[in-house]
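Subject: Structure for you to look at

Hi,

Here is the structure I promised to pass on. Please open it next to this email and follow along.

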Amino acid sequence: MTKRVYKVNEVFQTIQGEGSYTGTPSIFVRLQGCPVGCSWCDTKHTWLIDPALQVGLPEVMAKRAESDYWAEVTPEALLSVFSERAYQAKHVVITGGEPCMYDLVPLCNMLQQHGYTSQIETSGTFEVRVPEHSWVTVSPKINMAGGYQVLTSAMQRANEIKHPVAMQKHVDELLQLLQQTATTDKLIYLQPISQQKRATELAIASCINHNWRLSVQVHKYLGIE
Ligand SMILES: C[S@@+](CC[C@H](N)C(=O)[O-])C[C@H]1O[C@@H](n2cnc3c(N)ncnc32)[C@H](O)[C@@H]1O
Ligand SMILES: Nc1nc2[nH]cc(C(=O)O)c2c(=O)[nH]1
Ligand code: SF4
Ligand SMILES: [Mg+2]
């Protein structure tokens with residue numbers, strides 16, 4: 001039987017700042033662990049699962065800053081926290097770390113049973129184990145140092161593809177991946193890496209050129225989580 005327990009780094013309510021749900025009040029559940037190793041990753045504190053850094057859910061909920069502490073949490077305990085905190089958002093974004101290291105089916109089904117929609121933010125380097133009703137955002141990490149490859153099945157399951165870019169090489173890699181995986185029917189977003197001016201200009205020009213969409217990490221411009 002699937003073990004219904006997840007290693008959680010943080011839980012918070014904010015506005016979704018990326019992709020097609022941008023602007024949607026959302027509860028973020030950030031899972032611990034990612035082996036992909038993107039040099040520009042903005043959540044490096046989620047990479048390692050250090051057994052010495054396991055704490056309880058109350059300690060995770062009490063965090064005031066990013067840290068690599070994590071807690072083992074069941075879907076039921078997460079729902080209790082949502083109601084204790086009186087969260088109003090009905091959309092739950094499961095991110096990480098790399099959330100697809102986990103079987104997300106029990107969590108997403110439980111959320112749906114309680115009236116929440118779910119969205120997964122994934123690199124597409126693990127099999128995507130989610131129910132059909134979950135919205136899947138694949139942010140492909142092409143030929144990362146760790147040897148991680150984007151799975152064709154993840155590209156096929158995606159509802160949207162959101163590709164971080166800083167250089168023309170990143171745009172070319174995306175074009176090649178879309179061709180290789182015969183991806184023609186997805187929403188495609190380019191997301192400038194770390195709000196750099198040149199990355200943003202490149203993303204704007206490439207979006208216009210290819211008729212893709214722009215995603216600018218709105219939360220970082222607003223200074224919110
Ligand atoms: C931190 S990742 C976690 C989920 C999953 N590991 C992934 O990569 O999709 C969430 C999103 O942030 C993007 N991201 C991470 N660091 C970024 C940065 N410095 N600038 C722009 N986007 C970034 C990722 O590409 C991904 O779309
Ligand atoms: N506001 C907000 N929107 C986000 N969209 C994706 C995020 C992520 O880290 O996966 C993220 C995040 O960390 N904050
Ligand atoms: S796959 Fe996602 S969490 Fe992992 S290193 Fe890359 S951006 Fe960060
Ligand atoms: Mg983020």
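Of the 225 residues of the chain, 36% count as buried. Keep in mind that this is a predicted model.

Start with the overall build. The chain holds 7 helices and 9 strands. Its C-alpha atoms fill a box of roughly 45 × 40 × 35 Å along the principal axes. Is the chain's radius of gyration what a compact globule would have? What would that radius be? For 225 residues, a compact globule would come out near 17 Å, and the chain has 17 Å, so the two agree. Now look at the contacts between residues at least 6 apart in sequence. Of these, 62% join residues at least 24 apart.

Next, the inside. In soluble globular proteins, nonpolar side chains tend to be buried together. The largest nonpolar core here has 43 residues. Which of them touch the most other members? They are V8, V29, I94, L104, A154 and V165. Strand β2, residues 25-31, gives this core its largest share, with 4 residues. Take L104 and trace its neighbours. Leaving out residues up to four places away in sequence, L104 touches I94, P99, I120, R129 and V130.

Last, ligand 2. Which residues surround ligand 2? Going along the chain, they are T14, I15, Q16, G17, E18, F28, T43, T95, E121, H219 and E225. By class, this shell has 6 polar, 3 charged and 2 nonpolar residues.

Best wishes

Methods:
Residues are numbered from 1 along each chain as its sequence is written. Chains are lettered from A and ligands numbered from 1 in the order in which they are written. This is a predicted model: local features need pLDDT of at least 70, side-chain atom pairs count only at pLDDT 80 or more; totals for chains, interfaces and linings use all residues. A residue is near a molecule or strand if its C-beta atom, placed from the backbone, lies within 6 Å of it. Ala, Val, Leu, Ile, Met, Phe, Trp, Tyr, Cys and Pro count as nonpolar, Asp, Glu, Lys and Arg as charged, and the others, Gly among them, as polar. A nonpolar core is a set of buried Ala, Val, Leu, Ile, Met, Phe, Trp, Tyr and Cys residues joined through C-beta atoms within 7 Å. A residue is buried if 20 or more other C-beta atoms lie within 10 Å of its own, exposed if 12 or fewer, and partly exposed in between; C-beta atoms are placed from the backbone. Helices (H or I, at least four residues) and strands (E, at least two) are DSSP runs, numbered from the N terminus. Two residues are in contact if their C-beta atoms, placed from the backbone, lie within 7 Å. The radius of gyration is taken over C-alpha atoms; the globule rule is 2.2 Å times the number of residues to the power 0.38.
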